[in-house]
Every structure is written in C-alpha cells, then in structure tokens.
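Please open the model in a viewer and follow the selections below in order. Each stop names what to select and then what is found there.

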Amino acid sequence: MLEIKDSVAVITGGGGGIGLALAEYWLRHGGKVLIADVAEQYLQTAESHLKEWSANVRKIVCDVTNEEDCAKMADFAIEEYGAINLVAPFAGIIKDAMMLSPDASTGKVTRKMTLDQFQSVVNINLTGVFLTVRECAERMINNNCRGLICLISSTGSLGTAGQINYSSTKAAMSVFPKVVTAEFFRRGLADKIRCVAVAPGYVGTAMVKKIPPAALAKIVEQIPLGRLVEPEEVASLVGELYRNESLAGDVYFIHGGLRLGSKG
Ligand SMILES: NC(=O)c1ccc[n+]([C@@H]2O[C@H](COP(=O)([O-])OP(=O)(O)OC[C@H]3O[C@@H](n4cnc5c(N)ncnc54)[C@H](O)[C@@H]3O)[C@@H](O)[C@H]2O)c1
C-alpha cells in the first residue's frame, strides 16, 4: 500500500471541478500538490482556497495542448518537490453537438458539428493527456519515483449522442491504462508506476451545471443514487486507487448506479 502523506500530485485542470477537489483531498491526507490550469484566475482562487489546508501548494499556468507548457509543468514539480507520485491529467472540455442535424420539415441537413468543435475537444482531452502523461512519466522514471498515473474517462466513453468528439476522447482514456501498463511492463517499470482511469458518470461541477436545469433534472431522474456524484467522491476513489497497488491497468466506474451502455 502507498501512503498519500508526503507524496506529490500533479493535477491538470486543477483550477476547478474534479481537479480542485482532488487537490484538496490530497492536501487533507498530508500530500503535496502542483495544480496546473490554462485559466490563471481559476488557479489563483484555487490556490488561496487550498492554502487553508496546507502550505504544500504550487500552481502553474499550463495549456495542456502545448508541449513546452507540459514539459515546464513536469520540471516545476521536480524542482519544487523532488518527485512526482500521482499524475492526474484532469483538464477537459465539452463542446456538444450532433454530428449532423437535418431540418425537421425538409429532411435536409442544416447543421453539422464543426471541425473546430471536434478538434478542440480532441486537442485538450486526448493530445493534452498524452503530453501531460509523457512529460510527467519521463520525470517519474528519471527520478526513480513510485506512484500512479490516474486518467479520467467517463461513462460517455460508451457512446453518448451529441458527443462524438467527447465520447471518442473518453473511449481513448479507457485504452490508455492498458497500453501504458503493457509498455511499462515490457520496460520493467510496471511494479513502480501504475496507470488506471476513473470513469465518472454525472459529477456536480461547472461542466455539468452548464446543462439547462430541465435537461439536468431528467438526467438525475435516471441515476439510481438520486443525485449527481460529488467531485469529492471521485477524489476519494483516486485516493484508493493510489493506495492500493494491486489496482492497475484498468478503468474504474463511479456513477451512482447508472445503467451503462450506448444510449441514443
Ligand atoms: N463533470 C462530469 O460530470 C465529468 C464526468 C466524467 C468525466 N469528467 C472529466 O473530468 C475532468 C474534469 O472535469 P470537470 O467536471 O472538473 O470540469 P471543469 O470544467 O469544472 O474543470 C475543467 C478544468 O480544466 C481546465 N482546462 C480547460 N482547458 C484546459 C487546457 N487547455 N489546459 C489546461 N487546463 C484546461 C479548465 O480551466 C477547468 O479549470 C474532464 O476531463 C472531464 O471530461 C467530468
């Protein structure tokens, strides 16, 4: 079992939502955090909130789609703390739209998901995770660190209408742990650096609270738990995945009992 106490977490998307909840959880258990986010203002607010728990908080502005930013973030963690033990690449966005929308009366397509809607989600949720993981794991290996890479997939990985961009990136997140674990196994690293993904359902963050209230109420009706998952509950799952070293190479769902499967 690993201890969170004194371990170092690098969290992208750490300025808000699940990333911020994880940072708070890490500090409450005696860990140290580097929060990274593209939004400087979110980072500042997050830092003042987190400093109420501990002085072991560092922040860095980082656009995860930028290779140099990701390298600087990983270097900064090593400079400040001498190690990286948890990599949580949680920065993510949604830009929902149907791929094609025909007009109800003419039957002809009048709207399409734009290339920008597709590519911007892929750039942040997929390429951004690749860069974060590659740069942080390189420093973990070179500095002989033990720990976990914990990605964030989603129940959307199973296929949600209106999210061909998002669902595709989250499906990729459920494959990454298998690839990384197999590669680290071949290189004799898998006993020291594990890789998993958590796959939340609907979590009560800004991302979900953007959904119009009537549509959100309909979603909540479908959740056996009767409410959204709390960001703190996802953070607690990450903590358990970190501690328990027999959990490796897989995806761990957390959704309050949602019926899983492809839905229209
Ligand atoms: N909220 C949910 O219901 C839910 C469910 C499943 C998975 N997830 C995943 O959890 C992760 C966090 O989501 P959340 O709900 O906390 O969202 P959120 O919108 O509350 O937070 C996301 C954070 O990512 C940051 N960010 C966006 N683009 C960035 C970039 N290019 N570089 C660095 N930071 C960037 C934002 O500034 C923001 O602080 C995402 O990957 C999301 O897909 C969320």
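Select strand S8 (residues 193-200) together with S9: in this predicted model, the two strands pair in the parallel sense over four bridges. Within this pair, display alanine 199, which stands opposite phenylalanine 253 in S9.

Next, extend the selection to the whole sheet. It is open, has seven strands in the order S3-S2-S1-S4-S7-S8-S9, and its pairing is parallel. Strand S3 (57-61) and strand S9 (251-254) each have a single partner strand and stand at the edges, so one side of each is left without a neighbour in the sheet. On average, and with direction ignored, neighbouring strands are turned by 20 degrees against each other.

Now add the helices on the sheet. H4 lies across strand S1 (8-12), strand S4 (86-89), strand S7 (147-152) and S8, and runs at about 170 degrees to S4. H5 touches S7, S8 and S9, and its direction makes about 170 degrees with that of S8.

Hide the strands and keep H4 and helix H5 (residues 164-186): their axes come within 8 Å and cross at roughly 15 degrees. H4 is therefore roughly parallel to H5. The crossing is right-handed. In the contact, residues of H4 including Phe118, Val122 and Leu126 meet residues of H5, among them Tyr166, Ala172 and Met173. By class, this contact has eight nonpolar, four polar and no charged residues.

Finally, select the ligand. Which residues are the closest to the ligand? They are Gly13, Gly17, Ala91, Gly92 and Thr205, out of 31 residues that surround the ligand. Helix H1 (17-28), helix H4 (115-142) and helix H6 (206-209) are the elements that give two or more residues to this shell. The shell has 17 nonpolar, twelve polar and two charged residues.

Technical notes:
Residues are numbered from 1 along each chain as its sequence is written. This is a predicted model: local features need pLDDT of at least 70, side-chain atom pairs count only at pLDDT 80 or more; totals for chains, interfaces and linings use all residues. A residue is near a molecule or strand if its C-beta atom, placed from the backbone, lies within 6 Å of it. Ala, Val, Leu, Ile, Met, Phe, Trp, Tyr, Cys and Pro count as nonpolar, Asp, Glu, Lys and Arg as charged, and the others, Gly among them, as polar. Axes are lines fitted to C-alpha atoms, for helices over the stretch in contact, and angles run from 0 to 180 degrees between N-to-C directions. Angles under 35 degrees count as roughly parallel, over 145 as roughly antiparallel, 65 to 115 as roughly perpendicular and the rest as oblique. A crossing is left-handed if the near helix is turned anticlockwise from the far one by less than a right angle, and right-handed if clockwise. Two residues are in contact if their C-beta atoms, placed from the backbone, lie within 7 Å. Two strands pair if DSSP finds at least two bridges between them.
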